[in-house]
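Here are my notes on this model. Please read them with the structure open.

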There are 2 protein chains.
Amino acid sequence: MSSVSSRPGRPRSTSAAPKAMRAALDLALEGGLPHATVERISAVSGVAKSTLYRRWPNAPAIVMDAFFEEVGPMIAYDMQLPIHDNFCQSVGALVEALKGPRGQLLRELLGTAQAEPDLREAFVERWIAPRRRMGQEAIESAIARGELRPEVDPGLALDLIYGAVYYHLTVSFTDIDQRYIAALVDRVLGPYLTART
Amino acid sequence: MSSVSSRPGRPRSTSAAPKAMRAALDLALEGGLPHATVERISAVSGVAKSTLYRRWPNAPAIVMDAFFEEVGPMIAYDMQLPIHDNFCQSVGALVEALKGPRGQLLRELLGTAQAEPDLREAFVERWIAPRRRMGQEAIESAIARGELRPEVDPGLALDLIYGAVYYHLTVSFTDIDQRYIAALVDRVLGPYLTART
DNA sequence: ATAATACGAAACGATTCGTATCGAGCCTTA
DNA sequence: TAAGGCTCGATACGAATCGTTTCGTATTAT
């Protein structure tokens, strides 16, 4: 019954982390990442600065934690769909989720991660890798059920699709619509479809 | 002979800008972008802070100026080459130029630009757009001389190639070698080559 | 000469950072 | 039940950087 906390001492508050993350995300979405300082997060959430520093190395790390937890579940893959539709749908959801302040925040987080190895690693492991795994799985199962020819290089295909999406989002700073996504997915996967409708 | 400075008053020093840019780039390459503060740039270059703020809005803008001026000329397109070789060569030069501290700095600059519209615009106009123009030109001339079939969508092709490159550089944080570049270019342009050797 | 502009040097208040200290609370172990 | 260990929120701290401003001097056009 009792919690098996093994370590002596007062256990960590279960409410501190959620409160801090909520405040951090709100501040960052509202006034940009630089606006989410440790001091402000502490003031808004009621969690002491010392507690925040005890759990996160810096403010962006708190924001990143909160961001992944909120936005991550918004991008789903539906393995039942034909491969083309599956990608259009999931990539579309990604683009949609990143419109407005959330996209701006992702860009700022990615930017901050460039200089800090810990954030970089967290970014790859918690944001990029999961979606790549799902994409890889989608391609492989499409091959397995004969929808795609086995000559596809899944890694390269994902590079091309996600590369173009993030390129527009973070480098050339231009918008993406559903038509572009369809053309992109078709250009990358089309040549390998066994039967085109 | 005399300079036609039209406006009255003391003309701007011609040596201040080069000295400041040199110092800014050195500082940023050595200790990362955050290390290139306005104060330090002023101290190292001997140019007063007030002068720096008179010409640039902030420190990263100075570094970006210097970066483009130094690295820009390093990436050349050779329109005499077959289209495939042309891209392999120019993209290879890009990747090569961005190995080591320079790539880290580009990442940091791109990251900083995410939050500041002025830097964003400068980044697109002075870094992305010029290379896209050359790439577009290369593809169009390859079409004109019958090397590529006219069905290629040059914009999408450039999205795919540069997208994948910057994706590796800034998002998935993985390395790129010449073999990957060749495979990438081939995957994007190969299907449209009129005669494959 | 006069006005206008740029220069370098220095000081300014504001902000953020990360750390340290404090008394009090809570849990495990002996 | 007592002791010790870890966490909590609150608060204070020195250091660093920011962007602005002021100052006296230098250089040019009118």
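1. Start with the interface between the copies. 100% of the interface residues of chain A are also interface residues in chain B, so the copies meet through the same surface. Contact here means heavy atoms within 4.5 Å.

2. A word on the basis. This is a predicted model, with local features needing pLDDT of at least 70, side-chain atom pairs counting only at pLDDT 80 or more, and totals for chains, interfaces and linings using all residues. Residues are numbered from 1 along each chain as its sequence is written, chains are lettered from A and ligands numbered from 1 in the order in which they are written, and side-chain values use heavy atoms, leaving out hydrogens and water.

3. Next, symmetry. A turn of 180° and a shift of 0.0 Å along the axis lay chain A on chain B with an RMSD of 0.1 Å (least squares on C-alpha atoms of residues with pLDDT of at least 70 in both). The two copies are therefore related as by a two-fold rotation axis. In chain A, Gly111(A) has the C-alpha nearest the axis, 1.6 Å from it.

4. Now the DNA. There are 29 residues around DNA strand C, and Arg10(A), Arg40(A), Lys49(A), Thr51(B) and Arg55(B) come nearest. A residue is near a strand if one of its heavy atoms lies within 4 Å of it. Of the atoms of DNA strand C that come within 4 Å of the protein, 64% belong to sugar and phosphate.

5. Polar contacts (pairs of N or O atoms within 3.5 Å) reach the phosphates. A polar side-chain atom of Arg40(A) lies 2.5 Å from a phosphate oxygen of DNA strand C. For a polar backbone atom of Ala48(B), the distance to a phosphate oxygen of this strand is 3.4 Å.

Technical notes: A polar contact is a pair of N or O atoms within 3.5 Å; within protein, one must be able to donate a hydrogen and the other to accept it, and residues adjacent in sequence count only if both atoms are side-chain atoms.
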